[in-house]
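Got your viewer open and a hand free for the selection box? Let's walk through this one stop by stop.

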Amino acid sequence: MTRLPDRQSELRSQRLLIHAATVKDGQLASEVLASGGVISTVCNSVAALQQALLEGAGAVLTVEDALEGQLMDVLRAYVAQEPDWSDLPILVLAGQGADSVIMQRAVQSLPNLVVLERPVRTASLISSVRSALLARGRQYEVSETQARLRENEQRFKSMFDNHPDGAFIRDLDGSFLSINEAHEYLLGYSLEEFQAMSEERYVVPEFLERTRSAFDGARLGNAQKFHTRKIRKDNTRVDVEVVLFPVVVDGSIVGVHGVARDVTQANHNERRIRYLATHDALTGLANRTMLDDRLHHALEQAKRNDRQIGVLFLDLNRFKQINDSLGHEKGDQLLKIIASRLLGSVREADTVARLGGDEFVIVLEDLESSDAMSAIATAVIDTVEEPIRLENHEVSVSTSVGGSVFPRDAWDANSLLKFADLAMYRAKEQGSGAFRFFDKRMNQHVLERLLTENALRLALQNNELEVYYQPRVNVESEKIVGLEALIRWHHPGRGLVLPSEFIPLAEEIGMITQIGEWVLETACRQSRIWSDMGLPPTRISVNISAYQLSSPTFVERIQRVLGASGLNPCDLELEITESSLMKNLEVSCEHLNSLRSQGIFIAMDDFGTGYSSLAHIKRLPIDTLKIDQSFIVNIAEDHNDAAIVSATIALAHHLGLNVVAEGVTDEEQVAFLKAQHCQELQGYLFGKPRPAAQTTELLKSPKSVFATAVL
Ligand SMILES: Nc1nc2c(ncn2[C@@H]2O[C@@H]3COP(=O)(O)O[C@H]4[C@@H](O)[C@H](n5cnc6c(=O)[nH]c(N)nc65)O[C@@H]4COP(=O)(O)O[C@H]3[C@H]2O)c(=O)[nH]1
């Protein structure tokens with residue numbers, strides 16, 4: 001690159017260097033020239049001149065007759081050193097030697113050599129020196145401008161060539177004048193190929209018009225930035241962001257400069273992000289965000305066009321078990337299959353969304369009628385229930401579906417979803433495979449539940465709970481041998497509330513452990529009071545829910561309560577339902593075995609209503625089997641029930657278990673059960689559940705409960 005003269009050398013370029021054969025000649029020449037305003041430096045030796053030249057000179061004046069030897073070498077070497085230095089004016093103030101051969105040779109080898117033959121008039125000398133300095137100054141400016149231009153050109157070229165994006169220059173007709181390497185790489189075409197083809201070849205047709213109008217805009221002086229899609233030489237597509245701006249020379253637009261950046265990956269990433277923000281990553285269905293969006297949009301349209309919208313809410317029954325037993329991978333596979341089946345059972349305009357887990361929502365746009373919605377719900381239930389193959393396993397799941405309709409049920413998206421969800425829960429109560437439309441009473445039900453929930457949270461601290469006791473009698477001795485503790489709630493507004501109305505809720509809201517423990521404490525304390533009163537010994541039975549049973553601290557809690565009451569472990573019986581026991585069989589058995597080993601009795605409650613595997617019974621840690629009242633109620637008329645009861649009693653005896661028949665209400669039942677050698681009976685015939693004080697009276701009474709019952 002050309003070395004640019006700096007400001008210092010620029011100033012020095014105005015300097016005249018004088019070299020003379022004698023100091024006196026030099027001095028004299030300098031003074032003469034100074035009188036004409038020419039600044040000069042006198043060099044008294046060739047070496048001094050050589051040094052001064054390197055520092056920059058506008059011209060050299062030598063006062064020499066003969067320009068030869070060392071001086072000539074120095075001057076020749078100097079002018080040959082840099083292109084710019086070749087035009088250094090050298091003036092020779094010569095005497096007789098002006099016409100000498102030596103001087104002529106010098107003139108030939110130094111093109112800018114001017115010989116002034118003495119005597120020279122002062123004015124003429126000054127004028128010659130000045131014009132030499134002036135010429136040199138002009139020369140200097142020109143070369144400097146050229147150097148700057150060259151540098152700018154190189155800067156531009158360097159930027160153009162090295163730009164990481166594809167850069168190009170086109171003339172006003174659109175012909176390519178230049179492209180950089182990145183552009184060649186971007187589309188695969190060389191400059192010559194570009195010059196030989198039309199835009200249609202390398203711009204995707206849908207983007208042609210936009211590309212052309214952007215070029216026209218830039219040609220008119222307006223910079224453009226736009227996205228387009230181009231066709232590579234290998235026919236693949238590339239998304240590019242193009243910036244176009246006019247090339248302006250001397251105030252006129254002479255072409256268009258462009259930079260094209262590959263944004264294919266960035267576009268792909270953006271699309272992916274947008275997709276993930278609105279779709280469920282596992283199934284590809286709409287996610288909650290998209291569902292909300294679609295539902296809002298559908299509602300707006302339906303309101304404008306006076307149309308109906310249906311919302312179906314569903315989840316999968318048994319999904320959790322499959323997920324737990326076969327693993328998450330298979331669970332995911334199953335969800336994907338269900339998702340595609342759901343998509344297959346609705347129209348394209350409808351939306352199927354997964355809300356997470358196994359919950360799905362379907363929005364049916366332009367719903368014709370409720371009947372149409374029922375038909376779709378039924379189709380959904382059927383398609384979900386079809387067997388599913390997961391590698392080596394064939395599984396089946398079922399679903400319950402709830403539905404709400406705009407405008408009948410609600411006008412906003414949230415309520416429609418909430419109501420469909422609510423309806424789904426009610427459908428579940430009907431069993432799997434059911435569909436229910438939302439109706440307003442469901443809302444009432446939810447409200448009531450909420451009120452009950454709040455009230456239940458306060459019931460314990462407000463002393464609204466009470467334990468009632470129901471006698472259990474021995475068939476042989478006709479005596480009360482046990483009492484079942486049954487909870488009651490004295491609701492401030494609703495009066496006496498039965499456990500079936502609040503125990504499931506207490507389980508749901510996590511209050512059952514607290515309530516269950518309170519019942520256990522109260523019953524144990526009460527039993528101890530009766531025993532201290534000297535009343536006949538009775539075993540107290542307390543119901544234990546599945547949640548209590550599976551708690552890791554269950555055994556400790558029972559021991560703590562028992563210890564605090566001072567009750568003998570063999571005076572306590574815990575009643576567990578079949579289904580509670582089966583929920584977490586391993587842990588439950590472990591807990592019950594531990595309690596049994598300490599003398600506590602275990603009864604299986606409601607036997608016959610759950611899993612009812614008689615074969616199973618022998619492996620369970622129980623002492624007593626309580627036959628559910630639903631079998632007892634028709635025992636006299638229903639041969640089936642009678643057969644089941646006799647078989648159960650026989651088997652229980654065979655296994656050494658005590659048997660209690662629940663819900664005994666009449667003598668016929670007593671006679672039958674007696675004949676089957678059922679040891680214990682419980683039912684309204686012998687006494688309804690009653691408060692502790694009344695139970696005390698019953699225990700004190702010398703009369704047989706049988707006698708009372710028969711009366
Ligand atoms: N129709 C009729 N019914 C009879 C007859 N004899 C007894 N019953 C009723 O049958 C239920 C027997 O209790 P369960 O099977 O353990 O069934 C209980 C038990 O599962 C649960 N429960 C009651 N108290 C508690 C408790 O403290 N904790 C837990 N976890 N559950 C409880 O609530 C269920 C219902 O309790 P209750 O309403 O007191 O209902 C009691 C009792 O009043 C009869 O001859 N005819």
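Here is a tour of the chain, with something to select at each stop. Keep in mind as you click around that this is a predicted model.

**Stop 1: the whole chain**

Start with everything shown as a cartoon. You're looking at 29 helices and 27 strands. Color by burial if your viewer can do it: of the 711 residues in the chain, 33% are buried. Now think about contacts between residues at least 6 apart in sequence: 62% of these join residues at least 24 apart.

**Stop 2: strand β1 and its partners**

Select residues 16-20, which make up strand β1. How many of its residues are buried? Five of the five, so to speak: the strand is mostly covered. Show the side chains and you'll see L16, I18 and A20 pointing one way, with L17 and H19 pointing the other way. Both sets are buried.

Next, add residues 40-43, strand β2, which pairs with β1 in the parallel sense over four bridges. Look at S40 in β2: that's the bridge partner of L16. Then add β3, which also runs parallel to β1, with five bridges between them. Here L16 stands opposite A59.

**Stop 3: zoom in on A59**

Center on A59, in strand β3 (residues 59-63). Why does A59 count as buried? Because it has 28 C-beta neighbours inside 10 Å, and 20 or more is enough to qualify. Setting aside anything within four places in sequence, select what A59 touches: L16, L88, P89, L91, V129, A132, L133 and R136. For a distance to try with your ruler tool, pick the C-alpha atoms of A59 and L134. These two residues are 75 apart along the chain, yet their C-alpha atoms are separated by 9.5 Å.

**Stop 4: the five-stranded sheet**

Move along the chain to an open sheet of five strands, in the order β12-β13-β11-β16-β17, with mixed pairing. At the edges, each pairing on one side only, are β12 (351-356) and β17 (435-437). Neighbouring strands here are turned by 20 degrees against each other on average, ignoring direction.

Now select residues 308-317, strand β11. Seven of its ten residues are buried, so the rest of the structure largely encloses this strand. On one pairing, β11 meets β13 (residues 359-367) in the antiparallel sense over seven bridges. On another, β11 meets β16, again antiparallel, over nine bridges. As background, strands of a sheet pair through backbone hydrogen bonds, either parallel or antiparallel.

Which residues stand opposite L312? In β13, look for I362; in β16, look for G403. While you're on β13, click E359 too, the bridge partner of D315.

**Stop 5: helices on the sheet**

Turn on residues 328-344, helix α14. This helix packs on the sheet and touches β11, β12 and β13, with its direction at about 155 degrees to that of β12. Then select residues 413-429, helix α16, lying across β11, β13, β16 (398-406) and β17. Relative to β16, α16 runs at about 140 degrees.

**Stop 6: the nonpolar cores**

In soluble globular proteins, nonpolar side chains tend to be buried together. The largest nonpolar core here has 62 residues, and A485 and I602 have the most contacts inside it. Select I602 and, leaving out residues up to four places away in sequence, show what it touches: L574, I576, L592, L595, R596, P621, I622 and D623. A second, separate core has 48 residues, including L285, L312, M424 and A427.

**Stop 7: around the ligand**

Finish with the ligand and the shell of residues around it. Which of the 21 residues come nearest? Pick out L486, P499, N543, G683 and Y684. By type, the shell divides into eight nonpolar, ten polar and three charged residues. To see where shell residues come from, select β19 (480-491), α18 (499-508), α19 (512-532) and β23 (601-607), each of which supplies at least two. The biggest contributor is α18, with three residues.

How values were computed
Residues are numbered from 1 along each chain as its sequence is written. This is a predicted model: local features need pLDDT of at least 70, side-chain atom pairs count only at pLDDT 80 or more; totals for chains, interfaces and linings use all residues. Two strands pair if DSSP finds at least two bridges between them. Axes are lines fitted to C-alpha atoms, for helices over the stretch in contact, and angles run from 0 to 180 degrees between N-to-C directions. Two residues are in contact if their C-beta atoms, placed from the backbone, lie within 7 Å. A residue is near a molecule or strand if its C-beta atom, placed from the backbone, lies within 6 Å of it. Ala, Val, Leu, Ile, Met, Phe, Trp, Tyr, Cys and Pro count as nonpolar, Asp, Glu, Lys and Arg as charged, and the others, Gly among them, as polar. A residue is buried if 20 or more other C-beta atoms lie within 10 Å of its own, exposed if 12 or fewer, and partly exposed in between; C-beta atoms are placed from the backbone. A nonpolar core is a set of buried Ala, Val, Leu, Ile, Met, Phe, Trp, Tyr and Cys residues joined through C-beta atoms within 7 Å.
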